[in-house]
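User: I am new to this structure. Please show it to me, and then let me ask how the terms are earned.

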Amino acid sequence: MKRRAAGLLVTLALASGLMFGIVRAQESITICFGFQDLETEFWVAGHKAITETLREQGIEVLEYNANEDPNRQLEQINECIAQGVDGIIIIPQDGDSAVTIVNAAQSADIPIAVFNRPPNDRSAGIIVVADNVSATEQAVEFMAQKALVKWEVTQEPIQPLILVGALQDTNAIGRRDGFFNVINRYSERFPGAFATPIEVATEWDAATALANLEAAITANPGVDFIFTSSDFLFPTIRSVLEPRGMWVPAGQPGHVIMGGLDGDATACSLIEQGFVDATGVQDLFLEAELTMNRLLQAIEAGETQPNEVLLDPGFALTAASIQFERSRMWGCVLFDEGFLDQ
Amino acid sequence: MSVTTPSSSPPPPALSGLALAQPGAAGRPRLAFWRRLLLSDYFVLYLTVFLFVSAAIIFPRIGLAGTLGLPTNISNQFLNMWPLLAVALGQTFVLIIGGIDLSQGSVMAITSVIGAMVMSTTLDPAMFDKSPVWGSILTAEGGLLRASPELAVPLGVLAMLLVGAGIGFLNGFAITKFRIAPFMVTLVTMTFFSAFALWLTQSRNISGLPEEFLRLGTGDIISVYLGPKLEAQIARRDILPAIAYPTVIALGLALLAQVLLKNTVFGRQMFAIGTNRRAAQISGVPADRVVILVYMFSGFCAAVSSILYSARLGIGQPSLGNNLMLDIIGAAVIGGTSLFGGKGSIKGTLFGVAFFVLLLNMLNAARLSPFIIDAVKGGVILLAAFLDVARARLTSREQHA
């Protein structure tokens, strides 16, 4: 029995060895990178930019996927803290849980940076965030001007619709605010030009967005102005509009003025094809660079609780500007690399 | 009443070619060893210890002298265990009677939201003015008991527990009175209460929970410092919770579950129902009442888990528990609770949760890609389900022999 137990021990130990692979050599700096998921092009590109750049610098990166569960993300970050990592980068699930996670890291004297999705309390941690309101306003401004031209011809009020993200996410709130800032401003200046916007909840989930958008368009077939709070929903919008004959490029009758935010490869392609009029672009490469540089600077300087907000102003890429600015848009870069063909 | 009635249900149709299950194998010492190991109540514990020791021997970096052996890591893993254990205890009860409770995740979500709506001390009007309960239950000054802060935490916790047990009652009632399959009933309640939690909050987290409540998720009762005293002041990160509130709450619940299961007629009735419901009923077991009580206990356990998770994260979260069902059922099944009913134990679930948490910890410490980790996790749960079938078949054959 004892010999068999010993044999079993060795067999299982070897099996465990295969499972865990070869242990790599200890490197000088270890950074823990916890992300909530990689559901959209934006997060895939952000993940790639951060991990590849860090590894190119010889930094070891511990990756943790929380599968959209903030409690799991907290557990994972606590695990990183226990392992004594030098720094932490997180893409949190929402602004509330981010506050708890940043506090956990700072209590353990480990510098932490929050990438793109800021905590509700921005006083703690390195927070790199796009100016969602500004980027949205720039995109919706372009769309509103096009809508105004249409209204002046038809004198029919434009019916706007916004696909709203999960509102516990400050990015979603900023984008919604930016949209309403522009629509309200135009409604005041041009009474009767815009009907009351329809809000469609998406929870940042394509299936939820599809169901709710189907219902909204069925109830309001006259919608002629759609803004999505994230570009990843353009395929969803297309699947709703196309069967109804509403998926029409600009310049043709029945074109729905359309815009979004993120600047992904799909949006780049659709702007070139004329289906989408504008998108607010988050400068992903700039944000990744800001995050890594500031965190590494804090590690080198021995700063354990660096607190700073680093802002990406963002910009709008429109049908009019795509020829000149496509190299600035991360989605166009991916598109040119054949991302959509993969 | 007989609780040792052999199962009248046919053995699970799997593993027919497995040597373990071959008739006549009992006489062969090698197979007898494997059989004893597989059927042992401590199989998962052996596996857990083995996994830990083998990793420690082969990979010093993640072993006892490395990451896994760090006191902070061990302390973390225990803290990760308690909320999962709490909810898995309820699922164990349900599985023992041959049912399944898919609504536990949504019970966690709705109880998290309701507790926060009672206890919250401050709310941002811009975030919640679209909530259907804004202006009545929720205001800028906080939740329902904003005027009685001393009562907010006890009554908030009580509300969470009552709502959890109440949803369990609905599940049990529908299953026993309308004869609807547990899978379908709990799937419906899962969908309904998840949506209800999102509707109440308009999918926003409720923050501003009182400190007294947060302590339930993170507070230490006894803390320790392991190491030399080199400086006058010990850093907070070096102080570890030896006994924390979640430890006491989860182990207290486990003790209650153990007593119910092993030392009461109710526990024996559960096994009888899980083994053969009709036979149990003929023997005089009040099956409907037992089933309703078991689902109530499951909802209660989910609410306890919700308290621990909500307090730890500091928010009432309408999406709490959304992705947890696989972990809950996986931990119970790994612990030896049978998906076919009639078998399970509290210590098995405790070992199952420990194994699950340790496995994830080791995979993370081994610095594997998160995508591989998820695949391994799924594979382990599948293996546990496979072993469940093997054990059921083996037991059945031995009984027939």
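Analyst: The questions below take one helix, then a sheet, then chain B.

Analyst: This is a predicted model: local features need pLDDT of at least 70, side-chain atom pairs count only at pLDDT 80 or more, and totals for chains, interfaces and linings use all residues. Residues are numbered from 1 along each chain as its sequence is written, while chains are lettered from A and ligands numbered from 1 in the order in which they are written.

User: What makes residues 95–107 of chain A a helix, and how does the span of α4 fit what is expected?

Analyst: Helices are DSSP runs (H or I, at least four residues) and strands are runs of E of at least two, numbered from the N terminus. Helix α4 of chain A has 13 residues. The expected span is 1.5 Å times one less than the number of residues. α4 reaches 18 Å from its first C-alpha to its last, close to the 18 Å expected.

User: Why is α4(A) called largely enclosed?

Analyst: A residue is buried if 20 or more other C-beta atoms lie within 10 Å of its own, exposed if 12 or fewer, and partly exposed in between, with C-beta atoms placed from the backbone. Ten of the 13 residues of α4(A) are buried, so the rest of the structure largely encloses it. Among them are Gly95(A), Val99(A) and Ala105(A).

User: Which elements do the buried residues of α4(A) pack against?

Analyst: In chain A, they pack against α3, β3, β4 and α6. Chain B adds α12 (287–313). A contact needs C-beta atoms, placed from the backbone, within 7 Å.

User: How do you know that both faces of β5(A) are covered?

Analyst: Ile126(A), Val128(A) and Ala130(A) are buried on one side. Ile127(A) and Val129(A) are buried on the other. That makes five of five residues in the strand.

User: What makes β5(A) and β11(A) a pair?

Analyst: Two strands pair if DSSP finds at least two bridges between them. Five bridges join β5(A) to β11(A), and the strands run parallel. Ile126(A) stands opposite Glu308(A) there. Three bridges join β4(A) to β5(A), also parallel.

User: Why are β2 and β11 of chain A called edge strands?

Analyst: The open sheet has six strands in the order β2-β1-β3-β4-β5-β11 (chain A), with parallel pairing. β2 and β11 each pair on one side only.

User: How many helices and strands does chain B have, and what share of its residues is buried?

Analyst: Chain B has 15 helices and two strands. Of its 401 residues, 49% count as buried.

Note on methods:
Two residues are in contact if their C-beta atoms, placed from the backbone, lie within 7 Å.
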